[in-house]
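Me: Please give me a close look at one part of this model, the ligand surroundings. Then tie that part to the rest of the chain. Keep it brisk.

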Amino acid sequence: MYKIKLMNKISSVGTALFNQDYLVGEDQKDEDGILVRSATLHDYEFPQSLKAIARAGAGVNNIPIEKCSEQGVVVFNTPGANANAVKELVLCALFLSSRQIVEGIDWVKTLKGQEDVGKLVEKGKSQFVGPEIDGKKLGIIGLGAIGVNVANAAIKLGMEVYGYDPYISVDAAWGMSKWVKNAQNVDTIFTECDYITLHAPSTPETKGMINQESIQKMKDGVRILNFARADLVNSQDILDGIAQGKIKKYITDFATEDIIDQKDVIVMPHLGASTPESEDNCAIMAVREMMDYLENGNITNSVNLPSVKEPRTTQYRICLIHKNVPNMLAQFATILANKHINIENMVNKAKGEYAYTMIDTQDIAGLEELETLENVIRVRVIK
Ligand SMILES: NC(=O)C1=CN([C@@H]2O[C@H](COP(=O)(O)OP(=O)(O)OC[C@H]3O[C@@H](n4cnc5c(N)ncnc54)[C@H](O)[C@@H]3O)[C@@H](O)[C@H]2O)C=CC1
Ligand SMILES: O=C(O)CCC(=O)C(=O)O
């Protein structure tokens with residue numbers, strides 16, 4: 001029986017995939033797996049039993065990745081599963097940033113109880129004029145699942161799109177419209193674009209990238225959208241930029257106390273992935289990744305360990321998480337050979353400092369020796 005702890009509300013379309021071999025709920029203790037959306041796990045004490053965390057979503061900055069790797073906990077996410085939902089909200093934000101729609105709607109509410117509202121509206125509406133996006137320049141920082149979706153949609157809306165991503169994947173590049181211009185450096189985005197939208201993860205490199213220095217390089221009247229993470233932006237510098245008239249509008253999906261209720265700032269309550277379609281997609285993908293790892297040792301879409309997927313052909317599968325250092329395979333093979341265990345299939349892959357080996361056998365022995373090897377982090381046998 002596997003125990004799965006839910007740290008957030010996860011779509012039942014996904015959790016329904018767990019069969020009778022699983023106990024699933026918010027109160028599970030000594031869990032084998034955790035399913036999470038945005039809840040932070042940084043202060044959560046992992047039980048010894050924990051083998052995997054699946055983030056039903058893209059960003060993993062709520063999970064202590066290094067600690068997980070050190071403890072042999074595989075961390076999964078669900079790449080692209082919520083990208084369309086975020087793209088649609090970003091398109092909405094593009095229009096909101098241009099056309100003073102929110103401000104206009106708020107103003108109309110103030111006319112309640114007045115006589116001849118129609119006449120007042122026609123007289124007062126000129127204060128809410130805003131430009132069309134057609135023909136304007138949009139800069140996208142981060143061309144992954146969301147950035148590419150936004151780029152392609154913005155091209156269709158008639159925008160001139162510049163993209164910046166020093167680590168763009170081959171798949172993302174294949175999926176991107178040929179009309180997207182390749183910005184060789186991030187300053188091109190800052191200096192050229194009328195609208196700038198952030199779609200890179202929160203990393204030491206991206207944290208605070210929108211700051212006083214980058215804002216000063218931007219065009220007067222720039223509109224900035226942040227649907228990536230709060231900490232990519234220095235919010236005081238944004239407010240200063242707005243006060244100076246440099247920034248026309250800042251729209252973000254991340255509410256922090258300092259920017260709520262500020263002029264020319266629109267704050268959404270982290271709604272990017274909040275569609276039934278996206279919640280279902282993320283939950284289904286996360287649950288499938290979790291089950292395949294717990295039941296078969298296969299790893300798909302992990303952020304801290306390599307992708308490894310092999311069909312089961314033997315009675316036992318030994319799964320080893322270890323440091324990515326020389327001589328590990330030779331040691332595994334020697335220990336098993338000394339116990340007269342025949343290896344029928346073996347795969348080994350590495351990701352950064354860590355590696356994963358799956359060994360298929362018909363018999364089992366020598367586990368204690370494998371466990372005590374230097375640089376071995378976790379040994380698991382699946383029957
Ligand atoms: N508002 C919301 O509800 C949501 C927010 N997000 C946020 O959006 C981010 C992106 O999501 P996806 O596109 O699905 O992820 P992704 O992993 O497909 O794409 C991220 C892209 O950013 C690029 N990147 C990394 N460092 C960069 C840098 N220094 N400069 C420019 N680009 C850089 C990567 O190469 C990658 O192509 C997530 O990490 C998450 O923080 C994701 C989903 C929902
Ligand atoms: O689950 C959510 O609502 C947040 C989605 C998100 O921010 C992400 O996938 O990175």
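Reply: Helices here are DSSP runs of H or I with at least four residues, strands are runs of E with at least two, and both are numbered from the N terminus. The model is a predicted one, with local features taken at pLDDT of at least 70, side-chain atom pairs at pLDDT 80 or more, and totals for chains, interfaces and linings over all residues. Residues are numbered from 1 along each chain as written, while chains are lettered from A and ligands numbered from 1 in written order.

Start with the shell around ligand 1. α3 (83-99) and α6 (145-156) each supply at least two of its residues. The top contributor is α6, with 3 residues. The shell comprises 35 residues, where near means a C-beta atom, placed from the backbone, within 6 Å of the molecule. Gly59, Gly142, Gly144, Pro201 and Gly272 come nearest to ligand 1. By class, the shell holds 18 nonpolar, 13 polar and 4 charged residues. Nonpolar covers Ala, Val, Leu, Ile, Met, Phe, Trp, Tyr, Cys and Pro; charged covers Asp, Glu, Lys and Arg; the others, Gly among them, are polar.

The shell also spans domains, whose bounds come from an automatic or database assignment. Domain 1 (1-82 + 274-300) and domain 2 (83-96 + 131-267) each give at least three residues to the surroundings of ligand 1. Domain 3 (305-383) completes the division of the chain. The centres of domain 1 and domain 2, over C-alpha atoms, are 30 Å apart. Their contact takes 9 residues from domain 1 and 7 residues from domain 2; contact means C-beta atoms, placed from the backbone, within 7 Å. On the domain 1 side of that contact there are 2 nonpolar, 6 polar and 1 charged residues.

Now ligand 2. Its surroundings are Arg37, Ser38, Gly57, Ala58, Gly59, Asn82, His270, Gly272, Ala273 and Ser274. That shell divides into 2 nonpolar, 7 polar and 1 charged. Gly59 and Gly272 link the two sites: both belong to the list for ligand 2, and both are among the residues nearest to ligand 1.

One step out from Gly142 is Tyr167. The two lie 25 residues apart along the chain, and their C-alpha atoms are separated by 8.5 Å. Tyr167 sits in the loop between β7 (160-164) and α7 (170-174). Tyr167 is exposed because 10 other C-beta atoms lie within 10 Å. The scale is this: 20 or more such neighbours within 10 Å make a residue buried, 12 or fewer exposed, and anything between partly exposed, with C-beta atoms placed from the backbone.

Next, the packing. Of the 383 residues in the chain, 40% are buried. The largest nonpolar core has 99 residues. A core joins buried Ala, Val, Leu, Ile, Met, Phe, Trp, Tyr and Cys through C-beta atoms within 7 Å. Leu35, Ala52, Ile53, Ala151, Ala286 and Met290 have the most contacts inside the core. Helix α11 (residues 276-296) gives the most to it, with 9 residues. Ala52 touches Gly33, Val73, Val74, Phe76, Met290, Tyr293 and Leu294, leaving out residues up to four places away in sequence. Nonpolar side chains tend to be buried together in soluble globular proteins.

After α11 comes the loop that leads to β13 (316-323), and Arg312 is found in it. Arg312 counts as partly exposed because it has 14 C-beta neighbours inside 10 Å. Beyond four places in sequence, Arg312 is in contact with Asn296 and Arg317. Gln48 is another matter: 264 residues from Arg312 in sequence and 26 Å away, C-alpha to C-alpha. The same loop between α11 and β13 holds Asn301. Asn301 is not a glycine, yet has a positive phi of about 60 degrees. With 18 C-beta neighbours inside 10 Å, Asn301 also counts as partly exposed.

Asn375 has a positive phi too, near 80 degrees. Asn375 lies between α13 (367-372) and β16 (376-382), in a loop. It is partly exposed, with 13 other C-beta atoms within 10 Å. Most residues other than glycine have a negative phi.

Last, the whole chain. It has 13 helices and 16 strands. Its C-alpha atoms fill a box of roughly 90 × 45 × 35 Å along the principal axes. Of the contacts with a separation of 6 or more, 65% join residues 24 or more positions apart.

Definitions and conventions. Contact = placed C-beta atoms within 7 Å.
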